[in-house]
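Visitor: I should like a close look at a single part of this model, namely the salt bridges and the surroundings in which they sit. Please take me through them in one connected account.

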Amino acid sequence: MISLDVIWWLVLARLTNHVIGRVLISIFMLAMMVGLIAVIAARMTRADWDRLIPKFAVSAIFIWHFIGLGLLSLIALALIPILLGQKIVRVTRNAPIKVERSVQPSDWNRREFLRFAGAMLPPVFTLSLTGIAMAQLNNVRVRRFELSIAELPKELDGITIAQVSDMHVGRFTNGKVLQKMVRMVNEMRADLVLLTGDLINDALADLDTGLELTRTLEARFGLAIIEGNHDLIENPAEFERQVRASGIPFLLDESTIVNVRGFPVQLLGLRWTRVHGEGRDAAIGTEVRKLLEQRTPDAFPILMAHHPHAFDAAADSGLPLTLSGHTHGGQLMLNEQLGFGPALFRYWSGLYTRGRSKLIVSNGVGNWFPLRVRAPAEIVHLTLRRG
């Protein structure tokens, strides 16, 4: 990314001969480069000084490097064959080389304006998206589902669940939006409150805040939490130790029985699978099947699994309900079928059904990346019906 920053700094500065344009481009590119280095250095050293960088600036750094820089480079790669083709055609036709003629001030101004506008497009694009992202960061919706489940005992007909996933307490998710989330969950008066991973974004310095927020969530009959991949970025063992010590029901390949209206509900919590690459889904399936060995026949089971691909093994085992997160609803989606969601996951947002088994994938409350497109942050409210 730093190498591409330098290349595009030179290209954009060369695009305009206007001094002001070159100064603005230099300020923007230098800020992006220094900011990226600062954020990476702070995370590698586990320091907290990167929190002094304004949220708007950090958002711009992320948006430029993950969206703007990539789009600009792709456009350049697409244009290279076109420009080469034009040059080859010109050479083969022995086209005369144009000699620059003296131009009138009005011509120079028009040409220079277009070059200046082209050079300014990347920073304008980045800062515009950053403004949109900042407006989104405090928005959370409630997404409601009423699920008909044949295996649901009559005693549990109408049971309600508040699913809170991917809080990502930290860099982009803090302050007012978290208090808003707590208020919204507590107003639901749900029978169960289930947190399906990624309590923190990456830094253990935010864990106390995440645990305090979890303690303030109110459930009529029970609350439980599992881990996600972002929880384990800094120090997996320390994260697990601190959450266990908090007294909050924390399920690591474990289960617990909660009595809801006098009927047992078994919550089965899957540990985050640390296998990477092609073997990940197979490893997830193996761990799900091993966890389901703890299943109690006379209790209604609910699987909590951060990665939604756990649903395959859960459905094969006849488990009626699985709750997942991880995908952020695709984060950046053009429509319901085009975007990062379907490109990376089989299940990425909402309700999925296989046979008599159902999966809910939450878009999540928080963000590791500041911008969402057609994948709004959400709290999921479920009502289960015997059907």
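Guide: The account below begins with the salt bridges and then turns to the nonpolar parts of the structure.

The model is predicted, and it holds 21 salt bridges. Side chains of opposite charge can pair when their charged atoms come close. One such pair is E234 with R43, whose closest N and O atoms are 3.1 Å apart. This pair links distant parts of the chain, since E234 is in the loop between strand 4 and helix 7 while R43 belongs to helix 2 (residues 19–44), 191 residues apart. Both E234 and R43 are buried.

A second pair, D157 with R385, has its closest N and O atoms 3.9 Å apart. D157 lies in the loop between strand 1 (141–149) and strand 2, and R385 lies in strand 11 (residues 378–386), so this salt bridge ties together parts that are 228 residues apart in sequence. D157 is partly exposed, with a relative accessible area of 32%, and R385 is also partly exposed, at 33%.

In a third pair, R274 meets E240 with the closest N and O atoms 3.0 Å apart. Because R274 is in the loop between strand 6 (263–269) and helix 8 (280–291) and E240 is in helix 7, the pair ties together parts 34 residues apart in sequence. Here R274 counts as partly exposed at 43% relative accessibility, whereas E240 counts as buried at 13%. Elsewhere, D281, D312, D316, R346 and R354 are joined into one network by salt bridges that share partners.

The nonpolar interior completes the picture. The largest nonpolar core has 33 residues, and M167, M181 and I379 have the most contacts inside it. At least two residues of this core come from each of several elements, among them strand 2 (160–164), strand 4 (222–226) and helix 7 (236–245). Helix 5 provides the largest share, 7 residues. Beyond its neighbours within four places in sequence, I379 is in contact with residues including V140, V142, Q163, M181, V185 and V365. There is also a second, separate core of 26 residues, which includes L147, I161, F263 and F300.

On the surface, L71, L74, L77, I80, L84, I88 and F125 form a nonpolar patch with about 670 Å² of accessible area together. Helix 3 (residues 55–92) gives the most to this patch, with 6 residues. F125 is placed in helix 4 (residues 105–136) and is partly exposed, with a relative accessible area of 32%.

Notes:
Residues numbered from 1 in each chain as written. Predicted model: local features only at pLDDT ≥ 70, side-chain atom pairs only at ≥ 80, totals over all residues. Heavy atoms only, no water. Patch = residues over 30% accessible without salt bridge, like charges linked within 9 Å, V, L, I, M, F, W, Y side chains within 5 Å. Areas by Shrake-Rupley, 256 points an atom, 1.4 Å probe, with all protein chains shown as cover. Salt bridge = Lys/Arg side-chain N within 4 Å of Asp/Glu carboxyl O. Helix = DSSP H or I, 4+ residues; strand = E, 2+ residues; numbered from the N terminus. Buried < 20%, exposed > 50% of the residue type's maximum accessible area, 1.4 Å probe, protein only. Core = buried A, V, L, I, M, F, W, Y, C linked by side-chain atoms within 4.5 Å. Contact = heavy atoms within 4.5 Å.
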